[in-house]
Amino acid sequence: MQTGAFRDYTYRFREAVLLLRIALLSSIPATASAAAKGATVLAAAALERFINDAINQACRRISARSWDDLPEGQKKYLCQLMARRMSNASQVVLDANDTFAKKQQSFRKATEECLEGFSDPSAWDHHPEYGLFSDAKAEPDRLDRILRNFDPQDRSFYEFLSGDVSQRAEYLNALKQLIDARHGVAHALPASTPPWPTDVKSWLVASFWLARRIEAFLLGTVTRSIGEEPDPNHLAPT
């Protein structure tokens with residue numbers, strides 16, 4: 001089963017694969033380098049957008065009409081969102097701007113929305129996006145903290161990944177390297193090393209299967225093992 005988020009991802013990912021093919025086949029160093037850089041940026045952007053879309057879709061699938069029917073992870077997640085909502089509304093009340101009537105209206109609305117969320121979780125409609133990749137070293141843990149909220153058993157996403165510990169470490173390192181390389185290319189950082197096409201190839205493989213596993217984790221389905229990594233030339237949809 002493929003979600004809309006993953007289908008959209010495959011179309012964006014195909015562009016990165018096309019640039020990677022150019023990089024791998026070109027005998028002109030400048031062309032290979034430019035194509036590898038482009039593939040890096042597009043692959044990271046496609047994964048970033050997918051994670052935002054997939055989590056948003058998971059939020060929309062919260063259909064429990066009773067708080068007691070929610071898994072513990074989703075209770076924690078919604079409580080955190082409600083706390084942020086009330087914190088922002090409280091700040092409006094304490095702010096020197098606006099009239100008291102506007103402050104009162106804003107605070108009352110936020111309070112009523114939180115009460116309704118506790119009464120009927122499916123009615124809660126304030127789901128922030130995952131956001132942009134930031135610190136590459138911290139990104140795997142950040143991703144895990146968000147994803148585990150949607151697992152009925154409150155499992156870590158990394159517990160869900162099959163394969164031995166060394167494989168998982170290598171796999172997640174590829175994610176960090178892709179993010180670091182994207183930052184270096186996108187911002188033309190002077191200290192960054194241009195990505196080699198062969199490095200980009202391994203990052204694309206890892207990013208594709210990471211997206212596939214995130215989808216499987218959010219849907220509660222089974223996916224392939226980490227060791228079954230295909231050639232990225234065959235990853236783009238036909």
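## Salt bridges and a cavity, step by step

Mentor: In this predicted model, a salt bridge joins the side chains of E129 and R49, with N and O 2.7 Å apart. The two residues sit 80 residues apart, E129 in the loop between α4 (100-119) and α5 (139-147) and R49 in helix α2.

Trainee: What makes the contact between E129 and R49 a salt bridge?

Mentor: The N to O distance is 2.7 Å, and the cut-off is within 4 Å, so the pair qualifies. R49, D53 and E129 are also linked in a network of salt bridges.

Trainee: Why is R49 called partly exposed?

Mentor: Its relative accessibility is 28%. Buried means under 20% and exposed over 50%, with partly exposed in between, so R49 belongs to the partly exposed class.

Trainee: What about R182 and E48, are they buried or exposed?

Mentor: Both are buried, because R182 has a relative accessible area of 11% and E48 has 10%, while the limit is under 20%. They form a salt bridge too, their closest N and O atoms being 3.1 Å apart.

Trainee: Why are R212 and E215 said to be about one helical turn apart?

Mentor: Because they are three residues apart in helix α8. Their side chains meet in a salt bridge at 2.4 Å, N to O. E215 is buried at 3%, whereas R212 is partly exposed at 22%.

Trainee: Where else does E215 appear?

Mentor: E215 is among the residues lining the largest cavity, including F50 and L218. About 50 Å³ of space lies in that cavity, and α2 gives the largest share of the lining, four residues.

Conventions. Residues numbered from 1 in each chain as written. Predicted model: local features only at pLDDT ≥ 70, side-chain atom pairs only at ≥ 80, totals over all residues. Heavy atoms only, no water. 1 Å grid on protein atoms, 1.4 Å probe; cavity = no way out; pocket = protein on both sides within 12 Å on 5 of 7 lines; lining within 4 Å. Points joined across faces, edges and corners; volume = space filled by probe spheres on them. Buried < 20%, exposed > 50% of the residue type's maximum accessible area, 1.4 Å probe, protein only.
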